[in-house]
Amino acid sequence: MEPESELMPSYVEVLVDCPGHTGLLTYRVPAGVAIAPGDILSVDFGARQVGAIAVRLTATPPPDLAPEQIREVAEAVSDSLFPPGYWALLERVADYYYTPLMTAIRVALPPGLLQRSQRRVRLLRSEMLDLKTLSVPARQIVQSLQGSATRDYAWSYIQQRVEGAAKGLRELKQLGWVEMTLQPPAHSTQPKRQQKVTLLNQDGEDLTPRQREILAVLAHNGGELWLQDLLKYGKTTAPTLQKIAQAGCVAITLEERLRLEERAVSRDRPLTLTADQQAALAAIRGLSGCATVLLHGVTGSGKTEVYLQAIAPILKQGKSALVLVPEIGLTPQLTDRFRARFGSRVRVYHSALSDGERYDTWRYLLNKEPQVVIGTRSAVFAPLPNLGAIVLDEEHDSGYKQEQPAPCYHARTVAGWRSQLSDCPLILGSATPSLETYTLHYPTPPTSGQGKGITSLDSPLVKGGGRAAMQDVRQRYYLSLPQRVQSRPLPPITVVDMRQELQNGNRSMFGQTLQKALREMKAQQQQGILFVQRRGHSTFVSCRSCGYVMDCPNCSVSLTYHHESPQRNPFLRCHYCNFIQQQPKDCPACTSPYFRFFGTGTQRVIETLNREFPELRLLRFDSDTTRRKGAHRDLLQQFAEGEADLLVGTQMLTKGIDLPQVQLVAVLAADGLLNLPDFRASERAVQTLLQVAGRAGRGETPGQVILQTYCPETPAIGAVQRYEFQACMDAELRLRAELNYPPYGQLISLRISGPEMETVEKAADRIAAVLKAAINRDSATVEVLGPAPANILRVAGRFRWQLLLKLPPNLEGNLHQWKLPIQEMHDCCNRHTRLTIDVDPLSLL
Ligand code: ADP
Ligand code: ZN
Ligand code: ZN
């Protein structure tokens with residue numbers, strides 16, 4: 001190879017932003033233009049120009065293409081939109097989750113970044129420029145930009161006005177006079193520009209005392225303020241400022257004001273840590289490389305304070321930190337605490353921001369300045385160039401998993417890769433860790449009793465049940481905060497047997513204990529939270545007299561109730577393996593006639609409460625009432641200010657709400673949680689119940705928890721009542737081992753959907769056949785379950801079927817040993833049938 005071509009790769013392989021087109025295309029690199037992987041380009045594609053991303057540079061063209069057939073890159077639009085190492089992360093996401101690279105890029109980048117129409121050219125120089133040396137097109141571009149109030153124009157507009165614009169632009173870019181910027185999609189606004197006032201000279205000669213005062217205000221604020229802020233702080237007017245500018249004392253310039261969500265919060269100081277917090281912090285500060293730690297701290301044990309103090313020195317070292325939270329409802333309180341500590345260095349990044357806000361935040365994050373980014377799962381892709389730590393709070397939360405569109409990634413898995421690529425520690429925090437994380441980090445096979453403080457795992461954990469050793473190079477640590485701050489007790493949990501209530505003739509959804517507690521709460525002017533299990537479309541069948549639940553004999557998940565038409569008898573189905581049986585009339589265990597499907601929505605609970613407890617002021621907190629942006633914050637604020645006695649809501653209540661005045665926490669029916677048709681039901685139930693319970697007694701008084709259920713003897717209920725997390729996980733692990741469910745086996749779910757029932761079913765069958773053949777051919781150890789119709793067969797006019805694969809364990813998110821025959825599987829679908837691959841699915845259809 002000639003040395004020159006090594007220095008200057010002549011070809012670039014790109015991905016074009018064109019739905020349906022997923023392969024790499026080769027283009028020639030124009031002479032004198034430097035292109036690096038990750039740069040955004042514009043290329044000719046058919047008759048159009050489209051946005052593209054440079055993926056790989058090569059010195060030689062592909063063998064099947066003659067060099068003269070290869071077109072030149074039309075333009076390098078923007079570089080360094082990705083921090084170092086980021087590219088490898090996206091490739092990993094694409095590989096692991098079986099999606100085209102372009103799909104992974106789309107989920108990471110702010111929306112619309114690649115769309116062609118958004119390119120703008122901006123003049124970077126504001127001084128007088130000598131245009132004589134420029135070529136004609138370059139000069140024309142500069143002149144036209146000088147005529148723009150914002151010093152920029154859409155590239156398409158310049159192309160229309162200037163002949164040879166592309167050449168002129170290249171010339172100006174080399175001089176560093178202009179830059180090409182990308183704008184968010186057309187419907188949102190351009191970067192917001194505002195007037196900024198900069199102090200030039202405070203001691204002008206002919207200044208009035210009033211003008212001097214204004215300059216003093218400006219000087220006091222670091223010599224630079226937005227014009228509108230200076231008007232406010234200096235109590236002055238725009239004409240006055242203009243006069244000061246004319247006197248040469250300040251410059252008024254138009255500058256981009258990034259649309260970043262900002263809220264003023266009063267600053268606070270680090271708290272004096274408890275001994276447990278201190279030990280955890282010391283361990284975290286001592287971490288090196290990409291170690292991961294599970295910070296297992298009961299609710300209210302002060303995990304957040306540990307995160308804050310762990311992050312402080314990282315910022316001091318000039319590095320940034322990424323803090324991930326599961327749901328946006330959780331961010332207001334947490335964000336405020338981070339802002340109080342770190343001020344304006346805290347940024348939020350999540351998909352509820354407008355496209356413009358996301359775009360601005362993205363570019364802001366690319367700064368080298370140390371910052372703290374707080375965000376939901378997509379923030380795991382925040383382009384922080386110099387990452388010093390990743391915190392993933394409430395790591396067990398299912399909000400970290402993307403269900404659709406592809407890639408169906410889990411932010412925890414991606415965060416693991418990211419910490420490896422950035423060589424920085426990953427801190428996973430939870431009061432109720434997921435089994436996956438727990439098994440990886442807990443030092444010895446779980447036994448009952450509390451954690452044993454700080455421990456390191458030198459060798460991979462190998463448990464009974466034959467789990468293969470992991471190829472795991474990371475250091476893993478388990479840290480525990482077994483007590484609440486100030487040794488506040490965890491609230492006592494009373495379990496109420498609802499079968500007993502029925503026997504005693506109480507057919508209300510509120511047991512005697514709860515009725516009494518609600519009345520006392522009101523009388524003592526306290527506040528409470530009532531948790532109602534979110535009602536899905538599907539329900540299980542159980543006996544209200546003895547608590548018996550219909551389970552699948554093969555899969556150990558509850559059967560779901562289907563009543564599709566008045567003409568058909570109701571039937572029960574396992575949506576893992578497609579086992580079907582008639583709905584029995586009476587309970588098979590005790591012959592009670594109270595054998596029915598189960599479930600109550602928030603709406604009905606509110607109606608009943610209004611009827612039975614008219615004196616209670618209620619606030620509803622579920623997905624219906626919190627849809628609006630900022631609604632979470634507003635509702636919690638109302639509740640915190642005492643505008644209601646009882647907050648009635650679903651799963652959302654379990655998330656990080658820290659309201660010291662909450663005394664009573666009640667769970668209407670724990671059964672709804674325990675019997676979800678999901679092999680994780682029991683793990684989830686324990687997590688949710690402990691989390692809900694943790695909302696009580698966070699203030700001075702201990703509070704109480706009431707847990708109503710039809711099956712109080714279920715081990716999970718007992719474990720929750722005694723706060724025995726470890727024991728519970730231990731029992732659950734044994735069950736998982738028996739059926740080879742995660743963390744013992746890995747699951748991949750294949751979802752097939754389409755407008756016609758029959759074609760979907762056929763495609764599912766063909767895919768199953770293709771898979772079985774491939775498994776045989778490769779002698780892979782993979783089990784195929786199904787195909788089975790989804791629990792909710794039809795959604796938005798599409799029928800849905802599911803196939804489930806069980807593979808050998810892959811806890812670490814290592815690339816798959818055995819690859820799915822992707823192309824063959826897609827070939828089984830027609831134009832209208834869609835196949836979605838969900839690796840490590842969290843909820844099964
Ligand atoms: P977690 O995140 O573990 O649920 P938090 O960090 O929210 O717990 O802490 C619970 C409460 O205790 C918060 O109000 C917090 O301000 C307070 N807190 C945390 N650490 C300390 C400490 N060392 N001293 C006093 N109060 C603390
Ligand atoms: Zn029964
Ligand atoms: Zn089954």
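These legends describe close-up views of two ligand sites in a predicted model.

**View 1. The residue shell around ligand 1.** Eighteen residues surround ligand 1, and Thr272, Gln277, Gly300, Lys303 and Arg337 come nearest. By class, four residues of this shell are nonpolar, nine are polar and five are charged. Helix α11, residues 303-316, contributes the most to the shell, with three residues.

**View 2. Polar contacts of ligand 1.** The side chain of Gln277 places an N or O atom 2.8 Å from a nitrogen atom of ligand 1. Gly300 uses its backbone: an N or O atom there lies 2.8 Å from an oxygen atom of the ligand. A polar side-chain atom of Lys303 is 2.9 Å from an oxygen atom of ligand 1. On its own, ligand 1 has 560 Å² of accessible area, and the protein covers 78% of that.

**View 3. The zinc ion (ligand 2) and its donors.** Four SG atoms, from Cys543, Cys546, Cys587 and Cys590, are the protein donors and lie 2.3 Å from the ion. The site is tetrahedral, with angles of 108 to 112 degrees among the four donor atoms. In sequence, the donor residues follow the spacing C-x2-C-x40-C-x2-C.

**View 4. Cys543 and Cys587 at the zinc site.** This pair links distant parts of the chain, 44 residues apart. Cys543 belongs to strand β22 (residues 541-543), whereas Cys587 sits in the loop between β25 (580-582) and β26 (595-597). Cys543 has a relative accessible area of 0%, so it is buried. Cys587 is buried too, with a relative accessible area of 2%. The cut-off for buried is under 20%.

How values were computed
Residues numbered from 1 in each chain as written. Chains lettered and ligands numbered in written order. Predicted model: local features only at pLDDT ≥ 70, side-chain atom pairs only at ≥ 80, totals over all residues. Heavy atoms only, no water. Near = heavy atom within 4 Å. Polar contact = N/O pair within 3.5 Å; in protein donor to acceptor, adjacent residues only side chain to side chain. Areas by Shrake-Rupley, 256 points an atom, 1.4 Å probe, with all protein chains shown as cover. Helix = DSSP H or I, 4+ residues; strand = E, 2+ residues; numbered from the N terminus. Nonpolar A, V, L, I, M, F, W, Y, C, P; charged D, E, K, R; others polar. Donors = N, O, S within 2.8 Å, 3.2 Å for Na, K, Ca; no water. Tetrahedral: all angles 85-135°; square planar, octahedral: opposite > 155°, others 65-115°. Buried < 20%, exposed > 50% of the residue type's maximum accessible area, 1.4 Å probe, protein only.
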